[in-house]
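Me: I am new to reading structures. Please take me closely through the ligand site in this one, and then show me what else deserves a look along the chain.

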Amino acid sequence: MKWLPGCVNNMDTKVITCMEEDDKACLTEAGRILQSGGLVAFPTETVYGLGGDALNPASSRKIYAAKGRPSDNPLIVHICRFEDIYRLVSDDPEHKEKLAAAKKLADAFWPGPLTMILPKSEDVPFETTGGLHTVAIRFPSHKTALALIAAAGGYVAAPSANASGRPSPTLAKYVLEDMQGRIDMVVDGGEVGIGLESTIVDLTVEPAEILRPGYVTEEMLREVLGKVETDRTVLDGSSGQIPKAPGMKYRHYAPKGQLTVVSGEPETVISYVNKQIEQAKAAGKKTGVIAAEETRKDYRADVCKSVGSRQDELSAAKLLYRILREFDEENVEIIFAEAFESTGLGQALMNRLLKAAGHHIINV
Ligand code: TXA
Ligand code: MG
């Protein structure tokens, strides 16, 4: 892995194991590291996070350096009790309704894979919010994450624990692949549950707007808030608009090989992709396919990977980032992926896949 000039890569990264069911005494040292300004990666129910003290500007600067992340890309502040949002959110009475909406959503979805954007208080440093006057807040449900946040003093800034531009880590070994030598500690909690990052909903606009789709879908948010919109750049790369979540404008989750999403009737997709694969093979390229279990065997690529049954979106969510990383490990140069249905959790899957493909999609 190549690092930005000026970044250190020579720390001793300690790895500890702490499963959800384990005694949380193992997190005392991790909490101390965070309280003293260090960085600890930890599991959440979505993906691994790279934690630092959210109220300490120096910690946030370290997070950006460790990830090689542009400093205009704000971090999510993780809490372990709902009432802790009051320290993070502006107490200006004009924001009362936004807080009321946050409370409603929290009652329905927290702790869980939902991040809310609200106007920030003065306690949240601009280093954490990438210079914005708003703050992203998440109350995760993962037991180890909650215990770590409590041990750290209650406010942990954590982007996904990947190097900027790589797929988010779903296993501790992928955190180490990107972060070894660059952070103080990794808490290994095994494989994450969901595998795609949290849904981000912006409550500072009316109606509320989804900036990043995730496990909590537009339909689920609508049931609580009534009207909810989705940033149209989520699935449409040709709109010419800039995504409203700063992080969504960068090419993310990108494998090293060239990835193309192919959409259409299964038979047509299979014959199109196989033709392309033959050409790529003739040109001496190593080829790969990401397909549903039902169609995986129909492809003639060097490496064919299944995301699970077409009906099982949860399986696809859990496997997608791992598969993208495996294609890198296996040096696959040309990759084709079947498209997902873009409703429900499929919208989040399609959003991540399209970003990984730089919005390169072919309709056949
Ligand atoms: O599931 C998750 O959310 C994981 C785990 C670790 O909790 N975290 C995560 O963080 O995905 P990160 O930094 O990889 O993605 C945060 C996204 C970025 O796209 C960022 O631009 C956006 O949230 N964001 C953060 N604060 C924002 C704000 N104030 N306004 C708009 N977008 C914001
Ligand atoms: Mg990320």
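Reply: Here is a walk through the ligand site, followed by some helix pairs and some backbone details.

Keep in mind that this is a predicted model.

Start with ligand 1. There are 27 residues around it. Five of them come nearest: Thr46, Asn73, His78, Ser198 and Gly247.

What kinds of residue make up the shell around ligand 1? Sorted by class, 15 are nonpolar, 8 are polar and 4 are charged.

Now look at individual atoms. Take Thr46 as a starting point. An N or O atom in the Thr46 side chain sits 2.7 Å from an oxygen atom of ligand 1. Move on to His78. Its side chain has an N or O atom 2.6 Å from an oxygen atom of ligand 1. Then find Thr134. Here the ligand atom is a nitrogen, and it is 2.9 Å from an N or O atom of the Thr134 side chain. A polar contact needs such a pair within 3.5 Å. The pairs at Thr46, His78 and Thr134 are therefore polar contacts under that cut-off.

How much of ligand 1 does the protein bury? Alone, the ligand exposes 680 Å², and the protein buries 98% of that area.

Next, trace the shell back to the strands. Three elements give two or more residues each: β4 (76-78), β6 (134-138) and β10 (208-212). The largest share comes from β6, with 3 residues.

Leave the ligand and turn to the helices. Find α4, residues 96-109, and α7, residues 218-225. They pack at an angle of about 125°, and their axes are 10 Å apart. That angle makes α4 oblique to α7. Their crossing is right-handed.

A second pair is α6, residues 172-179, with α9, residues 313-329. Their axes come within 12 Å and cross at roughly 50°. So α6 is also oblique to α9. This crossing is left-handed.

Finally, check the backbone. Most peptide bonds are trans, and most residues other than glycine have a negative phi. Which bonds and residues here go against that pattern? Look at Trp110 and Pro111. A cis peptide bond joins them, with omega at about -5°. Pro111 lies in the loop between α4 and β5 (114-119).

Glu206 and Pro207 are also joined by a cis peptide bond, and omega is about -5° there. Pro207 belongs to the loop between β9 (199-202) and β10. You have met β10 already, as one of the elements that give two or more residues to the ligand shell.

End at Asn331. This residue is not a glycine, yet its phi is positive, at about 55°. Look for Asn331 in the loop between α9 and β15 (334-338).

Notes
Residues are numbered from 1 along each chain as its sequence is written. Chains are lettered from A and ligands numbered from 1 in the order in which they are written. This is a predicted model: local features need pLDDT of at least 70, side-chain atom pairs count only at pLDDT 80 or more; totals for chains, interfaces and linings use all residues. Side-chain values use heavy atoms; hydrogens and water are left out. A residue is near a molecule or strand if one of its heavy atoms lies within 4 Å of it. A polar contact is a pair of N or O atoms within 3.5 Å; within protein, one must be able to donate a hydrogen and the other to accept it, and residues adjacent in sequence count only if both atoms are side-chain atoms. Accessible areas come from the Shrake-Rupley method with a 1.4 Å probe; for residues, only the protein chains shown count as cover. Helices (H or I, at least four residues) and strands (E, at least two) are DSSP runs, numbered from the N terminus. Ala, Val, Leu, Ile, Met, Phe, Trp, Tyr, Cys and Pro count as nonpolar, Asp, Glu, Lys and Arg as charged, and the others, Gly among them, as polar. Axes are lines fitted to C-alpha atoms, for helices over the stretch in contact, and angles run from 0 to 180 degrees between N-to-C directions. Angles under 35 degrees count as roughly parallel, over 145 as roughly antiparallel, 65 to 115 as roughly perpendicular and the rest as oblique. A crossing is left-handed if the near helix is turned anticlockwise from the far one by less than a right angle, and right-handed if clockwise.
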